[in-house]
Every structure is written in structure tokens, then in C-alpha cells.
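Here are some comments on the model, set out as numbered points for you to check against the coordinates.

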Amino acid sequence: MRTSRNTNSGNRGGGPNGGPPGPKNKKRSDKKVFQKYMQEKLAITVLVITLALFALVMVLYRIIRDNNEQYNKIVLSQRQQQYDSRMIPYRRGDIVDRNGTYIAKSEKVYNLIIDPVQILYDKDHYLQPTIDALVQTFGYDAAELQNLIEERSKSPYVRYSKGRQLSYDQKAAFEQLQKDTNAAFKASEDDNESKKRVKGIWFEDEYRRVYPYNSMGCNVIGFSGGDGSTGTGGIEQFYNDQLTGTNGREYGYLDENANLEGVIKPAVNGRTVVSTIDVNIQNILQKYIDEWQTTVGSNVTAAIVMNPNNGEVLAMGSTRTFDLNNPRELNGYTDEELLELGKKEAVAVYKREHGGEKITEDQVLDYYSREDVISYGTQVAWNQIWRNFCVSDTYEPGSPSKIFTVAAGLEEGVLKGNESFECTGFKHVADRDIYCVKRTGHGWLNVQESLMQSCNVCLMDMAAMIGVDRFTKYQAIFGFGDKTGIDLPGEADTSGLVYHADNMGPTELATSSFGQGFNCTMVQMAAAYCSVINGGSYYEPHVVKQILNEQGSVVERKEPVLVRETVSQSTANFLKQTMFETVENGTGGAAAVAGYEVGGKTGTAERLPRKDKNYLVSFAGFAPVEDPQVFVYVVIDVPNYPPGPQQAHSSYASAIFSKIMTETLPYLNVFPTQDLPDEENVQGSLPESEGINVGGDGQEGESESAQEPETKQYETDEFVEGGEEAGSGLPDNVPVSDESEGGNVLPAGTQTRPSGQGANPNQSTTAADPGRATTAANSSRTTAADPGRATTAANSGRTTAADPGRATTAANTGRTTAADPDRPTAASRPAEGRPEGTESPAANGPGETIPVKPGD
């Protein structure tokens with residue numbers, strides 16, 4: 001039986017006719033197998049990934065659950081470091097005058113802080129609006145700001161150098177602009193514009209030192225640096241520890257709930273310093289020394305105003321002034337002047353740096369660049385204008401020191417006040433002739449007249465009687481050669497600039513007696529004078545009276561420090577009376593103040609080198625004579641006149657003194673004791689005839705003068721007569737300390753190096769001798785003399801009450817004098833003086849004086 005076969009049944013996957021499978025069928029078969037395999041693998045992969053992700057989620061969950069607090073602290077700590085830890089600056093203490101007027105204060109200013117992190121968080125919407133706001137408000141450079149922000153992109157705190165110490169108004173203007181701009185952006189209907197903001201700008205507090213009166217009292221006040229941490233010069237430096245406070249800090253911490261909490265440690269501000277300076281008196285002083293400087297002028301003119309009863313400095317200034325708000329400005333110097341100053345300094349620098357090897361000023365530019373030399377010169381110029389002449393500079397004082405020679409003689413009993421000395425115009429001492437200011441001689445003068453006429457010869461005779469040991473003793477008692485201890489930095493050390501008993505010879509004794517040959521400072525002279533006119537108490541001069549805390553409570557009082565007693569009351573009375581006569585009838589005529597009784601002493605000192613004929617003129621005076629309330633000392637160093645006699649007029653300084661006193665006394669409620677003239681001619685200018693002898697009353701009229709007794713005529717100005725080619729006869733040197741160069745000769749213009757040490761308060765004191773003569777002369781008041789003194793009344797129209805057990809000589813006066821017939825006093829000399837060879841009356845007789853010839 002024939003069986004049929006389906007031919008297609010055996011061709012599964014094969015080709016036609018039962019052959020091998022065709023390509024088309026094979027491809028279809030492989031595709032099915034691959035898809036199934038991939039599906040299995042994919043399912044496994046997805047399962048594994050799902051399990052892995054689930055496991056990862058579980059692990060992350062466990063990490064977050066277990067370490068959530070720790071990570072929060074890390075994040076918050078980083079935030080705290082970047083944003084919340086910052087310094088809070090302290091406020092430097094104020095300086096006020098004695099009346100509470102601010103003369104130095106600190107005002108709050110603001111530093112611009114940029115936060116690039118916040119600005120670049122949304123650069124497209126924050127960067128340009130912020131830059132535009134800064135440019136619009138402050139005028140900064142847009143490109144510079146953008147570069148800074150992009151360069152410091154990861155810093156949240158960038159202090160912009162041009163945005164330092166902005167005022168409150170500037171800060172407020174930017175904040176208002178920021179507020180208005182952001183409000184405008186927010187209100188915009190444009191989606192892109194509405195996202196823009198001014199972001200990442202804030203302000204940090206700081207304090208800036210401000211001096212409301214600019215240059216007023218600059219040498220006394222001083223100034224502080226930009227950060228207010230360091231004072232330079234004056235009160236700012238000396239009381240820096242009191243004025244400086246302690247910075248505070250703001251920082252954060254995490255509480256128990258991991259919340260960031262802010263903590264502020266407040267700053268401790270500096271204390272307020274209350275000075276003894278009176279702004280009004282300081283302005284009066286500065287006005288008149290500046291007036292002199294802009295009319296005639298000098299190397300430097302300076303003045304001190306003090307309360308003689310407690311050592312308080314009411315004003316102190318010189319013509320070396322600078323703006324305390326811009327102390328490094330040198331408008332008065334050209335580059336060439338700075339170059340010349342720099343050459344001198346460069347020579348000294350080279351010597352220090354090369355073991356003593358020297359170069360000349362002409363060689364300086366071979367070793368230093370021009371810029372370096374000008375830099376040296378700039379530092380020298382700063383030192384010159386910042387230097388306090390009244391405290392740091394020394395000079396030969398001249399005639400004002402004559403009262404201390406007389407004081408020494410009276411205290412030691414060498415002088416009794418009734419001696420007379422003959423001035424022939426010069427005195428031969430050792431190997432030289434030393435001349436008086438009046439080359440033709442004063443003739444016979446008593447002790448009082450010797451000071452009134454500022455006679456060098458008479459003072460040399462007195463010094464010879466006193467002797468070296470006693471003279472140097474009283475120089476020390478009056479503080480010469482020792483620091484005063486004033487509370488200002490840089491007081492000059494003059495210990496090596498005065499002679500001592502072991503190196504003072506006859507010539508040095510003679511010249512020191514009238515203020516030449518030794519150096520002192522203005523504050524030394526002022527303190528010594530105050531001790532005489534207050535009755536003998538030497539107070540430490542000071543410029544600060546109180547220290548206040550932030551609440552205004554007094555935490556420290558600077559009480560007057562009584563260092564020692566210098567002279568007895570009777571000696572002080574004699575000298576005050578003599579200084580009154582000096583103004584009324586002597587060389588201090590230009591110092592008179594209408595309505596007031598003024599006392600003082602003139603001075604003309606010849607500077608080194610003597611051959612240059614340059615002079616320092618001065619006047620030291622006080623008022624009222626009966627109860628001194630104000631002391632003023634004026635010094636003019638080398639007036640701008642040709643060298644020689646034209647410079648040597650003390651009336652230049654006396655006139656400045658008069659102007660200062662004329663305004664200061666009424667301001668301090670010191671009332672006039674005399675009637676003011678109808679046509680007042682206050683001594684605002686020099687006498688028309690300087691150095692010309694005038695009558696005691698200054699009135700003209702032959703008939704009247706013929707009827708009056710002939711009176712002695714006195715010089716009304718201390719000046720050096722011209723025409724003497726031989727010079728003054730003064731040695732061309734002063735003592736120098738061991739530290740100074742140049743052996744025992746101090747070159748012209750040399751000044752001592754200031755130091756910060758205080759004065760030694762442990763000076764020897766002298767017991768007052770109750771047996772001295774007191775002279776009451778030339779005033780219109782009643783004077784009570786010490787019962788242990790004789791009293792001389794001369795050339796006045798007042799009544800003098802003296803001890804009834806003492807003798808008093810009334811000469812050429814129209815007053816009544818009660819005196820003791822048993823003791824002599826000094827009488828006024830006749831106009832012609834004592835003729836040479838005339839026998840003097842017997843000593844110790846009533847109404848007689850004791851003549852003393854040179855060499856006695």
C-alpha cells in the first residue's frame with residue numbers, strides 16, 4: 001500500500017525540498033531565542049538593582065537616623081564660622097578739656113563687606129543689580145567689583161579696600177537704595193526681572209578718631225593710628241593705656257536641640273581723659289603766637305599758660321602745628337627741602353649701619369636712591385612738626401633765670417636785699433671780659449634794680465658771693481637738670497646740660513647766674529617760676545586732671561603733686577614785688593596789662609655759636625601780683641630780623657604775653673584792680689622807642705618835671721646795645737651729657753634727645769629762712785611784709801605796711817611807710833648813680849645800703 005507524506009512536515013527550519021533551513025527561517029529562530037534570554041537577564045538585573053537600591057535606601061536611612069545630630073552640628077558649625085563669628089571693635093576713650101569740650105573723640109564708621117557666595121548663588125539675577133547699586137551709591141569701578149567677586153567666589157566675607165570708614169549717611173543711602181530697588185524688582189510683572197535682587201552686601205562697624213579743632217593743641221593732644229590702638233605724642237600716647245579698650249566678639253553655639261544660638265561678648269570701651277587744657281585759653285595763646293609768626297616770625301615761637309597754684313597747664317602751644325586729622329601731611333615742605341633733610345639723616349643712618357664709617361652729604365646719593373633719601377627726609381620733617389617744643393627742646397634761658405640766683409642768695413643769707421652793685425658794662429672773669437646787656441653800664445644798682453634792669457654784671461657779682469656749691473644746690477632745688485615729670489612723652493633729659501659743683505668754674509658760675517651756659521626746657525622754667533610766685537611750693541606740672549569711665553564717673557583723680565619747697569614766703573614776696581617793678585618801671589614795660597597789676601621778667605639769650613649773633617627772647621610773667629592766678633611764659637627763638645641787636649629785644653615776647661593776658665584774665669573772671677584809662681592803648685605793639693630811657697611817669701612838660709624830685713630813669717626794654725665788636729664775651733659752649741657727641745661743646749641748634757622717663761620727686765628740700773629782706777616797690781596797693789623781713793618801698797604811690805621792728809627807706813616817693821629803724825633796706829639810687837671813688841655811707845645805718853664792688 002502506498003503511503004502519502006506531507007513534504008512540508010520535515011522542513012521545520014529547513015530549506016525547500018527538504019534541504020537545510022533557509023537564511024530567512026534561521027534568523028527568525030535566533031531572534032526568538034535571544035529575546036527570551038535577554039528577558040531573563042534583564043529581569044534578574046532589575047531585581048538585583050532594585051534590591052541594591054532598597055538596601056542603599058535602608059543604609060542611608062540608618063545613617064541619617066543614627067547620625068542626624070552629628071551632621072547637623074557639622075553643617076551649623078561651618079555656617080557659624082563663615083557668618084556668625086566676628087569681632088566687635090571697642091571705642092577709644094575721648095579726650096575733653098577742663099570744661100568738658102571734646103578735643104578728641106571716636107565716631108562710628110562703617111566698612112563695606114561683600115559676600116560673593118550669596119551674590120553668585122544666583123549669578124544671573126544677583127550679580128549685576130548688586131554691582132549697579134554699589135556704583136550708583138559710591139561711584140566704585142564696576143569691572144573691579146565684578147573681578148573681585150568672581151575671584152573670591154567661595155568667600156562669604158570680603159572687606160572692600162575702597163569701602164572703608166564710610167559715614168552713616170553713606171551707609172544709609174545704600175541701604176535705602178537697596179530697599180527701593182528690591183521692592184521694584186519684586187513688583188515687576190516680568191518673570192525674569194522679578195527674580196533680580198541686590199544681595200550680599202552688609203556693613204561692619206568701626207571707629208574713626210576725630211579731632212574737632214584740627215591743629216589746636218596738637219602737641220599736647222597727640223593723635224592715634226587708624227585702628228585707634230596706639231597713640232602718638234601728647235595725651236594720646238602718655239595715656240594710651242587708659243584710652244584703649246578691649247575688643248568684643250560675636251559668635252554662636254549649638255543648644256541641646258542643635259539650634260544655632262548667638263552669643264555676644266561686648267567690647268570694653270576706653271576711658272575718657274579730662275585734661276587741664278582750656279580750649280578757649282589755648283585758642284587765645286595760639287592766636288597771638290600765630291599772629292607774631294605771620295607778621296615778623298621766628299624759627300619757633302612758643303608759650304605756656306599755667307595755674308601757678310597747682311601746676312595745671314591751661315594751654316601749651318608753638319608755631320610748629322599740624323592737622324591732627326591728617327598728621328602726615330607736609331604741605332610746608334618741597335621735595336628739595338625733604339631731600340636736604342634726608343641727606344643729613346642718611347649720613348647718620350650710614351654711620352650706624354657701617355660701624356662708624358662716615359660719608360658726606362654730597363656722597364649720599366651714591367649710596368641711596370633719591371626716593372630713599374626723600375623718605376628719610378619725610379620722617380625727619382614729621383619729627384620736626386610733631387615735636388613738642390615746650391617739653392622736648394632745650395635752650396639757654398637767659399635773664400628769666402636771674403630771679404633764681406637772687407633767690408639762692410636770699411635763702412642762704414648771702415644777700416639781705418639791701419646790697420648795691422656797680423655795673424660798668426662788663427666784668428672780667430678768669431680769662432675773659434663778660435659784658436652786660438648795656439655795654440655802657442648801668443651804674444650802681446641795688447638787688448631789686450639789678451633784676452628790674454636785668455643787669456648781668458650785678459648778677460655775676462651776686463653769684464660770686466653765693467659760690468659754686470650753693471648756686472648748684474639751688475639750681476637742683478628749682479629743678480634745672482632734672483625732669484619735671486610732666487605727663488607728656490618726650491621730655492628732654494637736661495641732666496648733662498647744666499654744670500655741677502665738680503665742673504663749674506668761675507666763668508661757668510658767672511654765665512649761669514644770668515641764664516647763659518646751661519640749658520633747660522620751657523616746662524622746667526615754668527614750673528620753677530610757679531614755685532616762686534605761689535610762695536615756694538614746687539608742683540609737678542600736669543595736663544590731665546581726671547579719668548572717667550563709660551558712665552562718666554570719676555575713676556581716678558590726678559591730684560596736684562607737691563614735689564618740694566623751694567623758697568620761703570618772704571623771698572617769694574621780695575621776688576614778686578621785684579617782678580612787679582620790672583613791669584611797672586623796668587625792662588618789662590611792654591608786658592603791662594591795662595587794669596591789672598602784672599609781674600614778670602624779661603630775657604634775651606645769645607644762642608650758639610656766639611659769633612652768629614642770634615638771640616632767643618622771652619618773657620615770664622604772672623597776674624595779679626597780690627594773688628597770682630595765671631602764669632604765662634613766652635619764648636621767641638631767633639626773631640626774623642638780621643642777626644645782632646635788632647633781634648635782641650625782649651619786648652617782642654613781652655607784647656605777646658600782654659595780649660594773651662589781656663584776654664585770659666577776664667575770661668577766668670579775674671577782675672581788674674585799677675581803673676582803665678579812657679583812651680586805652682593796650683600793649684598790642686612794641687614801644688615806639690625800644691630801649692630809650694623815659695621818666696617814671698612817662699609824662700612830658702618841663703615845668704612839672706622841674707618841680708618834682710629827680711628820679712632815676714630805667715630802661716623799659718631789655719635789649720643788647722649794638723656797636724660792640726668784641727661780642728658778649730660768653731663762652732662758645734655749654735655742658736653736654738656723656739651720650740652726646742662733640743665733647744663738652746654743644747653745637748648751635750643741638751637739642752637733647754627726649755626720653756620717656758619721669759622726674760625724680762626725691763629732690764632735697766630747703767627750709768625757708770625767716771630772716772630775708774622783702775622789697776615792696778612801685779605799685780598802688782598795700783603790701784603786708786613778712787615780719788622777719790625788712791621792706792623797701794621805692795618809686796610808687798602806695799602805702800606799705802611793714803614790721804614796726806624793721807627799717808624801711810622811702811626814696812623818691814609820695815607815700816607813707818612804716819618801718820623798723822633798726823634794720824637797713826635798699827634805697828633807690830639818684831639818677832646819676834654813685835660817682836666813682838665816692839665813699840659809701842656806713843653799712844647798717846638807717847636808710848642806707850651796702851655797696852658791693854666786684855670781687856668783694
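Which elements do the buried residues of α5 pack against?

1. In this predicted model, the buried residues of α5 pack against β3 (102-114), α3 (123-138), α6 (191-194) and β5 (201-210). The residues of α5 that count as buried are Lys171, Phe174, Leu177, Gln178, Asn182 and Phe185, and, because they fall within an arc of 130 degrees when seen down the axis of α5, they line one face of the helix.

2. The face of α5 turned away from this buried side carries the exposed residues Tyr168, Asp169, Lys179 and Ala187. Helix α5 spans residues 168-187, 20 residues in total, and reaches 29 Å from its first C-alpha to its last, which is close to the 28 Å expected at 1.5 Å a residue.

3. A second place to inspect is the pair formed by helix α11 (residues 335-353) and helix α13 (residues 370-386), whose axes come within 6 Å and cross at roughly 95 degrees; the two helices are therefore roughly perpendicular to each other. Among the residues of α11 that take part in the contact are Leu338, Leu339, Leu341 and Val349, while the residues they meet in α13 include Val373, Ile374, Val380 and Ala381.

4. For the protein chain as a whole, there are 23 helices and 31 strands, and buried residues make up 50% of its 856 residues. Of the contacts with a separation of 6 or more, 70% are between residues 24 or more positions apart, and the chain exposes about 40400 Å², with carbon and sulfur atoms supplying 48% of that area.

Definitions and conventions. Residues are numbered from 1 along each chain as its sequence is written. This is a predicted model: local features need pLDDT of at least 70, side-chain atom pairs count only at pLDDT 80 or more; totals for chains, interfaces and linings use all residues. Side-chain values use heavy atoms; hydrogens and water are left out. Helices (H or I, at least four residues) and strands (E, at least two) are DSSP runs, numbered from the N terminus. Buried means under 20% relative accessible area, exposed over 50%, partly exposed in between (1.4 Å probe, protein chains only). Contact means heavy atoms within 4.5 Å. Accessible areas come from the Shrake-Rupley method with a 1.4 Å probe; for residues, only the protein chains shown count as cover. The expected span of a helix is 1.5 Å times one less than its number of residues. The arc is that of the directions from the helix axis to the C-beta atoms. Axes are lines fitted to C-alpha atoms, for helices over the stretch in contact, and angles run from 0 to 180 degrees between N-to-C directions. Angles under 35 degrees count as roughly parallel, over 145 as roughly antiparallel, 65 to 115 as roughly perpendicular and the rest as oblique.
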